[in-house]
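Hi,

Here is the model I said I would pass on. Have a look at it first, and my notes on what turned up are underneath.

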Amino acid sequence: MTPIKAGYLSHHLEALDEMAIWKELSSATKSRIAEIEIHSELDSTNSRLMALASCNSVPTGTVCLAEYQTQGRGRIGRVWHTPPGGNICLSLLWRFKNFDSFSGLSLAVGVSIAKALRTAGIEGVGLKWPNDILWRERKLGGILVEASGEAQGSHAVVIGIGINVHIPSNRTGDIDQAWVDLDQITTGHPPSRNQLIALLLDELFLLLQDYPVRGLQSHIEEWRQWHCQVGQKAVLHLGGKAIRGVVSGVSDDGLLVMDCDDGGLRQFASGDLKLRAYD
Ligand code: BTN
């Protein structure tokens, strides 16, 4: 790892540390991780692993972490702000053999993140469709799953996770939605990032090893238990249209079910959902 530049880290947070992460991992995860690379600064951990994915010598189970991303990417072409200060930007490269049905994977990853946060002592986390991690209706984290082309019959997927741990007060203006970080939630005593990363990796590796067999179906009921917007009035922005209604839930295959103001229950595979209070 390149040395962390002065001012990159809030004084009360420890630096990302491979040995500290390694120490906390379950032995099953240890046996599946190919490599953990830690960067002080990177354009985007997802972009790096997507670029490496086409290279067959980069194995499944490669983990990429960065203290700071200069061009972090979010869903639907958005910017993901990870200013210096101490956040979590984690990407994992996973190669699936003879399996190409990833549509529900990001929802299942949401469940993994919610569970890891709960194990780390963070109460009150909820999931917003399709893949936002919320705390009291404010965004704590997000997921960006990207699939790269085929290489010799296998499909490479990059799972990117961003979690706000400490957003410096002079950088909050960059973020254009209601947000929260672990520092605020825990009033200045966030869990160790290295420990939380190990918990996230334990959950992710558990999920990935049998996702091709069990698929989203075996996670959707759990996703519903974390879903925090059922019954709320919302607007789904989709293809230039604003569809108003009440969030009803998610279907077994992970589609958003909305009771639309203009007539009945409809299912949606994509879109940007906003509560009406924020519209
Ligand atoms: C979203 O909510 O829009 C998804 C945000 C995903 C951000 C993470 S941070 C690690 C990885 N690298 C990126 O550039 N994006 C993802």
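S6 is the element that gives the most to the shell around the ligand, with four residues. By "around" I mean having a heavy atom within 4 Å of the ligand; helices (H or I, at least four residues) and strands (E, at least two) are DSSP runs, numbered from the N terminus. Bear in mind that this is a predicted model: local features need pLDDT of at least 70, side-chain atom pairs count only at pLDDT 80 or more, and totals for chains, interfaces and linings use all residues. Numbering starts from 1 along each chain as its sequence is written, and side-chain values use heavy atoms, with hydrogens and water left out.

The shell has 20 residues, of which Ser44, Gln69, Arg73, Arg75 and Lys139 come nearest. By type there are six nonpolar, 10 polar and four charged (nonpolar being Ala, Val, Leu, Ile, Met, Phe, Trp, Tyr, Cys and Pro, charged being Asp, Glu, Lys and Arg, and polar the others, Gly among them).

Now the polar contacts (pairs of N or O atoms within 3.5 Å). Two involve nitrogen atoms of the ligand: a backbone N or O atom of arginine 73 lies 2.7 Å from one, and a side-chain N or O atom of threonine 45 is 3.1 Å from one. On the oxygen side, a polar backbone atom of arginine 75 is 2.7 Å from a ligand oxygen. The protein covers 99% of the 420 Å² of accessible area that the ligand has on its own (Shrake-Rupley method, 1.4 Å probe).

Helix H3 (45-53) and strands S3 (88-97), S6 (138-151) and S7 (154-163) are the elements giving two or more residues to that shell.

Away from the ligand, have a look at S8 (residues 233-238). It runs antiparallel to S9 (residues 241-250), joined by six bridges, and antiparallel to S12 (residues 272-275), joined by four; strands pair if DSSP finds at least two bridges between them. Histidine 237 stands opposite alanine 242 in S9, while alanine 234 has leucine 275 in S12 as its bridge partner. The S8 and S9 hairpin has two residues between the strands, and glycine 239 there takes a positive phi near 55°.

Two backbone oddities to finish. Tryptophan 129 and proline 130 are joined by a cis peptide bond, with omega about 0°; proline 130 is in the loop between S4 (125-128) and S5 (132-135). Isoleucine 76, in the loop between S2 (62-66) and S3, has a positive phi near 40° despite not being glycine.

Cheers

Methods
A polar contact is a pair of N or O atoms within 3.5 Å; within protein, one must be able to donate a hydrogen and the other to accept it, and residues adjacent in sequence count only if both atoms are side-chain atoms.
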